[in-house]
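Morning, everyone. I have one structure to walk through, so let me put it on the screen.

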Amino acid sequence: MNVVTTIPTDITPDGTDYDTVRHVIEMLTEDYRDQPSLETIARRLRQSPTQLQKVFTRWAGLSPKAFLQAVTLDHAKRLLRQEEMPLLETSIEVGLSGPGRLHDLFVTHEAMSPGEWKARGAGLTIRYGFHPSPFGTALVMVTDRGLAGLAFADAGEERASFEDMARRWPNAVYFEDSAATARYAARIFNPERWCADEPLNIVLIGSDFQIRVWQALLNIPLGKATTYSKIAGEIGQPTASRAVGAAVGRNPISFVVPCHRALGKGGELTGYHWGLTRKRAILGWEAGKA
């Protein structure tokens, strides 16, 4: 594997909105039974309630109180178990969002041939760069065909994130080229640039089964969610829920191919390669945008 990597130390400025929101989400998730007030959260973070409210609302599109309502587990479990309601529909039930449109990134995609996938990236040139995003530092990876990889990293974990992604295609040649990836990052995280007139090109690099699963993920509307078992049924493999879960976990294009919208059988938030806190953050952000 040919790897050239030079990771700057100032990719994500200190005091980013994401750091604040991440801590708030952690508190709301861990202490939901106490229903912490805005003042309590602000005091723990040593911020003013007004500033905290402003940062969180600007970032997520809803207030900390509204987000707390969305993720309060006892209420969500009651709806999920008694009414068999998916988690994101539970969020809608408590008034967080209206019906979402079909995947608002308006992605156009193609898949590499099985031979190219089996070659594990041989003959493939991948350019990559690190960029700020609402969910921490984003690692964007592109080929001459389009976006091939999108991962996330917390501060200090950029190199580990790159190495994790590079292991998926160990025979590829990698070049750091932030100028080439910047235009992708600018579009991916800006809803104003999600338009059908200028679709985002992505290339799926995986096995036939994985690609079918990832294509199914692209059909999940913004602000909605589905389960592994439903995806298995959609791709004609109704008994392959576990295999679907594994394929979801191997999705190389996070956020754009929305693996975060796949839930467990009962609607519970299951594992996420880039962390459950980040998964909750993305779902909350989407709830505010739907």
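A word on terms before I start: helices and strands here are DSSP runs, numbered from the N terminus. By that count, histidine 131 sits in strand E2. Keep in mind that this is a predicted model.

Let me stay with histidine 131 for a moment. Is it buried or exposed? Buried means under 20% relative accessible area. Histidine 131 comes in at 10%, so it counts as buried. Its side chain makes a polar contact of 2.7 Å with the side chain of threonine 181.

Now the overall picture. The chain has 290 residues, and 51% of them count as buried. There are 13 helices and eight strands. Take the contacts between residues at least 6 apart in sequence: 68% of them join residues at least 24 apart. The exposed area is about 13,600 Å², with 48% of it supplied by carbon and sulfur atoms.

On to the core. How many residues are in the largest nonpolar core? It has 71. Phe135, Leu147 and Phe255 have the most contacts inside it. Helix H1, residues 17–30, gives the core its largest share, six residues.

Look at leucine 147. Leaving aside residues up to four places away in sequence, its neighbours include Val140, Met141, Tyr184, Ile188, Leu200 and Ile253.

Next, the aromatics. The whole structure holds eleven aromatic pairs. In one of them, phenylalanine 135 and phenylalanine 189 have ring centres 6.3 Å apart and planes at 65°, so this pair is edge-to-face. The two rings come from distant parts of the chain, 54 residues apart. Phenylalanine 135 is in the loop between strands E2 and E3, and phenylalanine 189 is in the loop between helix H9 and strand E6. Phenylalanine 135 is buried at 0% relative accessible area. Phenylalanine 189 is buried too, at 11%. Both belong to one aromatic cluster, together with Phe152, Phe255 and Trp285.

That brings me to backbone angles. Phenylalanine 255 is not a glycine, yet its phi is positive, about 70°. The residue lies in the loop between helix H12 and strand E8. It is buried, with a relative accessible area of 2%. Arginine 46 also has a positive phi, near 60°, and is not a glycine either. Arginine 46 is in the loop between helix H2 and helix H3. At 81% relative accessibility, it counts as exposed.

Last topic: charges. Side chains of opposite charge can pair when their charged atoms come close. How many salt bridges does a search of the whole structure find? Six. In one, aspartate 154 meets arginine 278, with the closest N and O atoms 2.8 Å apart. Aspartate 154 is in the loop between strand E4 and helix H8, and arginine 278 is in helix H13, so the pair ties together parts 124 residues apart in sequence. Arginine 278 is buried, at 4% relative accessible area. Arg22 joins Asp154 and Arg278 in a network of salt bridges.

Now a pair within one helix. Glutamate 163 and arginine 159 both lie in helix H8, four residues apart, about one turn. Their closest N and O atoms are 3.1 Å apart. Glutamate 163 is partly exposed at 34%, and arginine 159 is partly exposed at 45%. Aspartate 164 also bridges to arginine 167, at 3.8 Å between the closest N and O atoms.

That's my tour. Over to you.

Notes: Residues numbered from 1 in each chain as written. Predicted model: local features only at pLDDT ≥ 70, side-chain atom pairs only at ≥ 80, totals over all residues. Heavy atoms only, no water. Core = buried A, V, L, I, M, F, W, Y, C linked by side-chain atoms within 4.5 Å. Buried < 20%, exposed > 50% of the residue type's maximum accessible area, 1.4 Å probe, protein only. Helix = DSSP H or I, 4+ residues; strand = E, 2+ residues; numbered from the N terminus. Contact = heavy atoms within 4.5 Å. Phe/Tyr/Trp six-rings, centres within 6.5 Å; stacked < 30°, edge-to-face > 60°. Areas by Shrake-Rupley, 256 points an atom, 1.4 Å probe, with all protein chains shown as cover. Polar contact = N/O pair within 3.5 Å; in protein donor to acceptor, adjacent residues only side chain to side chain. Salt bridge = Lys/Arg side-chain N within 4 Å of Asp/Glu carboxyl O.
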